[in-house]
Each structure stands twice: as structure tokens, then as C-alpha cells.
Amino acid sequence: MSQSNIEIVQAMFDAMAAGDFELMKSYLHPEVIVNEAECLPYSGIYQGPDDYIRLVHEVVGTWDDLQLSVDAMAESGDMVMVVSEFAGKNKAGVAFKMPMTVVFNFTGGKISEVRPYYFDTNKLAELHVQQSD
């Protein structure tokens, strides 16, 4: 029996938590794409599984004590929406916590697009600047 799209997203989160990046890649479409907001320190378009893993490393390397706690997941057709809380500290030790929603689109049973929606990208940009002052 094949996994539902929600099960795939959860399995990918579990693989990320375990540091199993090869397993994470197995859930990604060869042309997966993520577009991070321009004001973020890891802004840009990331395409392909290797680029996706590079993005994960950049996000984790930008913030200390990073946590993503999932509040809810919903599936509709080839899309999974994850409602979560994004929390951590900048390198100067200033803590943050904010709502975040991530939309995962699927093609052929693989994650083909990831669209993160941070509650306040400007706050994250300011926190990143504060750590270099």
C-alpha cells in the first residue's frame, strides 16, 4: 500500500529530525523547487533534491535551537498544508517564535514544490541583522 501525501511529509520531517538526508531526498521529486523570500538570509530559488538539502543546512545553520512544531496537517488532492510554529534564536541569543505554514505540492507521489509562508519575514530578517551588529 502506498503512503498518503501527509504520511510522506511526516516521514520527511522524521528523516530530517534524524539527520537522514538521503532518506529525505527519496521523498523529493527530481525537480523539486522551493522559493524562499528575498529578505531572508537564505533567500533564493532552490531546485532539485541536493539544493533542497543545502537549503535545510542553511536554515539550520542560520538559527540556534531551531524548532518546527507541527500543529496540524491537511491534504487536498496533490497538496499538503502544514500549520506549524517556527522558533529558535539568532546567533546573538535573541529568541523568536512565530506561526508558519508550509504548502507541499506533489507530482507522481513525490514532493515537487515547497512553499513556506512565515508569519513575519521582516522580523526574521531583522533578527539576522542583529546578530551581526
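A salt bridge here is a side-chain nitrogen of Lys or Arg within 4 Å of a carboxyl oxygen of Asp or Glu. The exercises below use this cut-off on a predicted model.

**Exercise 1. Test the pair Arg 54 and Asp 51 against the salt-bridge cut-off, then place both residues in the fold.**

Solution.
- Step 1: find the distance. The closest N and O atoms of Arg 54 and Asp 51 are 3.1 Å apart.
- Step 2: apply the cut-off. The limit is 4 Å, so Arg 54 and Asp 51 form a salt bridge.
- Step 3: place the pair. Both residues lie in helix H3, residues 49-62. They are three residues apart, about one turn of the helix.
- Step 4: check exposure. Arg 54 has a relative accessible area of 40%, so it is partly exposed. Asp 51 is among the buried residues of H3.

**Exercise 2. Describe the salt bridge of Glu 22 and find the network it belongs to.**

Solution.
- Step 1: name the partner. The side chain of Glu 22 meets that of Lys 25 in a salt bridge, at 3.3 Å from N to O.
- Step 2: locate the two. Glu 22 and Lys 25 sit in helix H2, residues 21-26. Their spacing is three residues, about one turn of the helix.
- Step 3: classify Glu 22. Its relative accessible area is 57%, so Glu 22 is exposed.
- Step 4: extend the pair. Glu 22, Lys 25 and Asp 50 are linked in a network of salt bridges.
- Step 5: count for the structure. It holds seven salt bridges.

**Exercise 3. Explain what the salt bridge between Asp 64 and Lys 91 ties together.**

Solution.
- Step 1: take the distance. The closest N and O atoms of Asp 64 and Lys 91 are 2.7 Å apart, and the two form a salt bridge.
- Step 2: place each residue. Asp 64 lies in strand S3, while Lys 91 lies in the loop between S4 and S5, so the pair ties together parts that are 27 residues apart in sequence.
- Step 3: check exposure. Asp 64 counts as partly exposed, at 28% relative accessibility. Lys 91 also counts as partly exposed, at 43%.

**Exercise 4. Trace the strand pairing from S3 through S4 to S5.**

Solution.
- Step 1: pair S3 with S4. Strand S3 covers residues 64-76 and strand S4 covers residues 79-89. They run antiparallel and are joined by 10 bridges. Ala 74 has Met 81 in S4 as its bridge partner.
- Step 2: read the turn. S3 and S4 form a hairpin with two residues between them. Gly 77, in the turn, has a positive phi of about 60°.
- Step 3: pair S4 with S5. These strands are also antiparallel, with 11 bridges between S4 and S5, residues 95-107. Lys 89 has Ala 95 in S5 as its bridge partner.
- Step 4: read the second hairpin. Five residues lie between S4 and S5. Gly 93 takes a positive phi near 90° there.

**Exercise 5. Decide whether Asn 105 is buried or exposed, and list its surroundings.**

Solution.
- Step 1: locate it. Asn 105 is in strand S5.
- Step 2: apply the cut-off. Buried means under 20% relative accessible area. Asn 105 is at 14%, so it counts as buried.
- Step 3: find the polar partner. The side chains of Asn 105 and Glu 113 make a polar contact at 2.8 Å.
- Step 4: list the neighbours. Leaving out residues up to four places away in sequence, Asn 105 touches Asp 78, Met 79, Lys 110, Ile 111, Ser 112, Glu 113 and Arg 115.

**Exercise 6. Check the spans of helices H1 and H3, and name buried residues in each.**

Solution.
- Step 1: take H1, residues 5-18. Its 14 residues reach 20 Å from first C-alpha to last, close to the expected 20 Å.
- Step 2: look at burial in H1. The buried residues include Ile 8, Val 9, Met 12 and Phe 13.
- Step 3: look past the end. Gly 19, just after H1, takes a positive phi of about 75°.
- Step 4: take H3. It has 14 residues and reaches 20 Å, close to the 20 Å expected at 1.5 Å a residue. Its buried residues include Tyr 52, Ile 53, Leu 55 and Val 56.

**Exercise 7. Summarise the whole chain.**

Solution.
- Step 1: count elements. The chain has four helices and six strands. From the N terminus, the order is α-α-β-β-α-β-β-β-β-α.
- Step 2: assess burial. Of the 133 residues, 38% are buried.
- Step 3: assess surface. The chain exposes about 7100 Å², and carbon and sulfur atoms supply 51% of it.

Conventions
Residues numbered from 1 in each chain as written. Predicted model: local features only at pLDDT ≥ 70, side-chain atom pairs only at ≥ 80, totals over all residues. Heavy atoms only, no water. Expected span 1.5 Å × (residues − 1). Buried < 20%, exposed > 50% of the residue type's maximum accessible area, 1.4 Å probe, protein only. Pairing = 2+ DSSP bridges. Polar contact = N/O pair within 3.5 Å; in protein donor to acceptor, adjacent residues only side chain to side chain. Contact = heavy atoms within 4.5 Å. Areas by Shrake-Rupley, 256 points an atom, 1.4 Å probe, with all protein chains shown as cover.
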